Amino acid sequence: MFSPNELSSYLIIGAILFSLGLFTVLTRRNAISVLMGVELILNSANINYVAFSHYSSGGLEGQIYAIFVIMLAAAEAAVGLAIVLAIFQIFHTIDVEAAETLKE
Amino acid sequence: MDHPIQTDYLRWIVFLPLIGAIINGLLGSAIQKRMGKGAISFIACAPVILAFGLSVYAFLTLKGLAAEQRFLIDRLYTWINLGSLKVDMAFWVDPLSAVMILVVTGVGGLIHIYATGYMHEDKAFWRFFAFLNLFTAAMLILVTADNLLLMFVGWEGVGLCSYALIGFWYQDHNNARAGNKAFIVNRVGDFGFMLGMFLLFWSFDAQGHGTLTFREMAKWASTLQGQQLWGISVITLATLLLFVGATGKSAQIPLHVWLPDAMAGPTPVSALIHAATMVTAGVYMTARLNFFFSTAPETLHVIAWIGAGTALMAATIALTQTDIKRVLAYSTVSQLGYMFIGVGVAGYAAAIFHLMTHAFFKACLFLGAGSVIHAMHHEQDMRKMGGLKDSMPYTFWTFAISVLAIAGTPFFSGFFSKDEILWLAFTSEHGSPMLWLLGVLGAGMTAFYMFRQFFMVFFGECRADHHTQEHLHESPKVMTLPLVVLAIGAVFAGYVGLPTVFGGSQFARWLEPVIAAHGEEHASHALELGLMAVSIIVAAFGFFIAYLMYYRAAFSPERFAGLAGGFFYRLFDRKYYFDEIYQVIFVNGALLLARLGSLFDQYVIDGIVDGSASLTRFVSWLNGLFDNYIIDGIVNAIANITFGAGNQFRRVQTGNINSYLYGILIAVVLAIIVKLRYWS
């Protein structure tokens, strides 16, 4: 049903990866885990970029975008970990629910 | 008349007295302090005498010309040029104005000289002469104006000076009131003059040649024939309105009431303004516009009867007066009445003739009365005089001559002029025997009251108090000399206008270029002599009664006063109740109107103002309510709603990242569903 060279198989992989990432983000309370989920979501987007690019024009645009996204993810991880560190210093935990008091 | 001779000296006849008035008016106070009253007298008298010289020169120039060319003009500049209205500042002298300027500057000059003596004790000497000169200038403008509008300037100017000089001793409230009365009554007449002038210009303009110049008006006068306004001929209406102006200035019924009160002014003023010159302005104006008046027989009729009524009424009042100046004042009103009889029977030349002779003898009478008043320490009541014959010989003799002249004694000036008017009143197509009869009756009374005055003042026992009697003195030369000159005029001025039976009037011939001679009447010389005899007899009768009553004291005046239960005496003494009637109707009427106006103001106008104020306040109050409750309510409601909504929605912000993410997820899913379901 799924031939390995078909676009849809890449998209399905991307979708599974996205769902796993989303699930992780929604369910985990550990801030590090939430960040890891975000990484998964970003990588699923990368797979989609490359797949679409390959099956449409065959050029390198998808790969270029993917590299941008990876770079972005690195920056995001750095900022996110810095926030997590700050939260840990204040609340002595990295549970995201501890940061609820920031709402006001 | 077609080619008027342009001159450049006529203006100085007007300007010289004006310059005198300006110098004395602006600098008089200082001059009087530094250089004394002599300097003021010189500044005041010299211009008038010079103007008299110029007038004589103008007169001789005219005399040297052919009759139809006797016309000098001095055009200064165009005064008003507005649409079809073009008015020049121009002075002219034709035979008629020549007579007037000679009278005004001649008699006026004598009165100026007299006044320097009469007013010598007065502190405001300079003010008096400033106004007297200004009056002379205004009067000269009036008589030399070449158009109706400029004439009106003089007309108003003399009215103003008259007002100022009647109230000259304004410290006494009564004098100021008399001045006001003269001014206000004249105002009524002037209004008529103005309306008449407007009407004339308007109807000339409708004919395509709008003009106010006398010469052009005379030329176009015939075009107004047949023009009508409200069903009345325009000429009749305009001449009637102009005559209203004349009744004001010349003190005819019903506007005569101011002249007797005007005697409140200094006596030279009474002589110059209220006897010799200003009051004759109305006569001059009607004579000047004779080409209109002659074509309006209805107006002439009105004028003749008003003149006769005034002549008779004023004469009857003069019978009972005891104030030396008031007798003369009523006599003036009466003589003006004669002049208007003359005008009313289209005998303009006769009217002007009487004007001229009257100027001489009435000025002389007034100045004589002034001399008496001067000697009596400002006593004017004749009942306190008497026996002045010996102590004041000059005054006595000049007064006597003038009394003879005014009473119509044969071969004195008044006889010729009055007789010519009476003669015309009898024979003219506009006249009637009735008119003549009224005139003769008036003449008889004139003789009576003038001799009554004469006897009361100069004969009999002196009734003044002891102190006054001791100080009785003849007036100084500067006062008696004008008296003598005027008395000579009072005798001989009549000889320029002899009746037809004695060779015809030179005077009428002189005026012929201006005033078309009334057609040669074919009445017989016998009739003329007969009428003359009647008037002489009536005058002699008047004299005789006065002689019996006041000289011989053969019977007492009270017997006459008591006739008909004293009704007539009271009527005459109270001046026919004119003042009282005017007080009730006009003065009280005006006050009532004012009171009504005040009530109207108080209740209606103030009510409206207050009402609108209250209304505004009420509307503002409503506005305030609207603002407070509705506008503020809306604003506050919006704020409250926003606040409430914010309060509710803040619960959404839990601070829990997971719940936010759920929110995002749900929103995205919903968005996808909506996209697929509705926009696919």
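User: What radius of gyration does chain B have, and how does one read it against a compact globule of 680 residues?

Analyst: The radius of gyration is taken over C-alpha atoms, and the globule rule is 2.2 Å times the number of residues to the power 0.38. For chain B the value is 38 Å, whereas a compact globule of 680 residues would have one near 26 Å. Along the principal axes, the C-alpha atoms of chain B fill a box of roughly 145 × 65 × 60 Å. This is a predicted model, in which local features need pLDDT of at least 70 and side-chain atom pairs count only at pLDDT 80 or more, while totals for chains, interfaces and linings use all residues. Residues are numbered from 1 along each chain as its sequence is written, and chains are lettered from A and ligands numbered from 1 in the order in which they are written.

User: What are the corresponding values for chain A, and how many helices and strands does each chain have?

Analyst: Chain A has a radius of gyration of 17 Å, against near 13 Å for a compact globule of 104 residues. Its C-alpha atoms fill a box of roughly 50 × 30 × 20 Å along the principal axes. Helices (H or I, at least four residues) and strands (E, at least two) are DSSP runs, numbered from the N terminus. Chain A contains 3 helices and 0 strands, in the order α-α-α from the N terminus on. Chain B contains 26 helices and 5 strands.

User: How should one read helix packing, and at what angle do helix 18 and helix 22 of chain B pack?

Analyst: Two packed helices are described by the angle between their axes and the distance between those axes. Axes are lines fitted to C-alpha atoms, for helices over the stretch in contact, and angles run from 0 to 180 degrees between N-to-C directions. Helix 18 (residues 433-458) and helix 22 (residues 525-551) of chain B pack at about 30°, with their axes 8 Å apart. Helix 18 of chain B is therefore roughly parallel to helix 22 of chain B, a label for angles under 35 degrees, with over 145 called roughly antiparallel, 65 to 115 roughly perpendicular and the rest oblique. The contact between them (C-beta atoms, placed from the backbone, within 7 Å) includes Phe448(B) and Phe451(B) of helix 18 of chain B and Phe541(B) and Tyr547(B) of helix 22 of chain B. By class, this contact has 18 nonpolar, 3 polar and 1 charged residues. Ala, Val, Leu, Ile, Met, Phe, Trp, Tyr, Cys and Pro count as nonpolar, Asp, Glu, Lys and Arg as charged, and the others, Gly among them, as polar.

User: How far apart are the axes of helix 3 and helix 15 of chain B?

Analyst: The axes of helix 3 (residues 95-118) and helix 15 (residues 348-375) of chain B are 11 Å apart, at an angle of about 5°. These two helices of chain B are therefore roughly parallel to each other. Among the residues that meet are Val103(B) and Tyr114(B) of helix 3 of chain B, and Met356(B) and Leu367(B) of helix 15 of chain B. The contact has 13 nonpolar, 2 polar and no charged residues.

User: How is a sheet read, and what strand order does the open sheet of chain B have?

Analyst: Strands of a sheet pair through backbone hydrogen bonds, either parallel or antiparallel. Two strands count as paired if DSSP finds at least two bridges between them. The open sheet of chain B has 3 strands in the order 1-2-3, with mixed pairing. Its edge strands are strand 1 (5-6) and strand 3 (85-93) of chain B, each pairing on one side only. Strand 1 and strand 2 (residues 72-82) of chain B are parallel over 2 bridges, and Gln6(B) has Ile73(B) as its bridge partner. Strand 2 and strand 3 of chain B run antiparallel, joined by 9 bridges. Tyr77(B) is opposite Met89(B), and Asn81(B) is opposite Lys86(B). The hairpin of these strands has 2 residues between them, and Gly83(B) there takes a positive phi near 60°.

User: Which residue that is not a glycine has a positive phi, and where is Pro254(B) placed?

Analyst: Most residues other than glycine have a negative phi, and most peptide bonds are trans. His92(A) has a positive phi of about 60° and lies in the segment after helix 3 (61-91) of chain A. Pro254(B) is joined to Ile253(B) by a cis peptide bond with omega about 5°, in the loop between helix 8 (234-249) and helix 9 (258-261) of chain B.

User: How many residues of chain A are in contact with chain B?

Analyst: In chain A, 9 residues are in contact with 8 residues of chain B. The chain A side divides into 5 nonpolar, 1 polar and 3 charged residues.

Technical notes: Contact = placed C-beta atoms within 7 Å.
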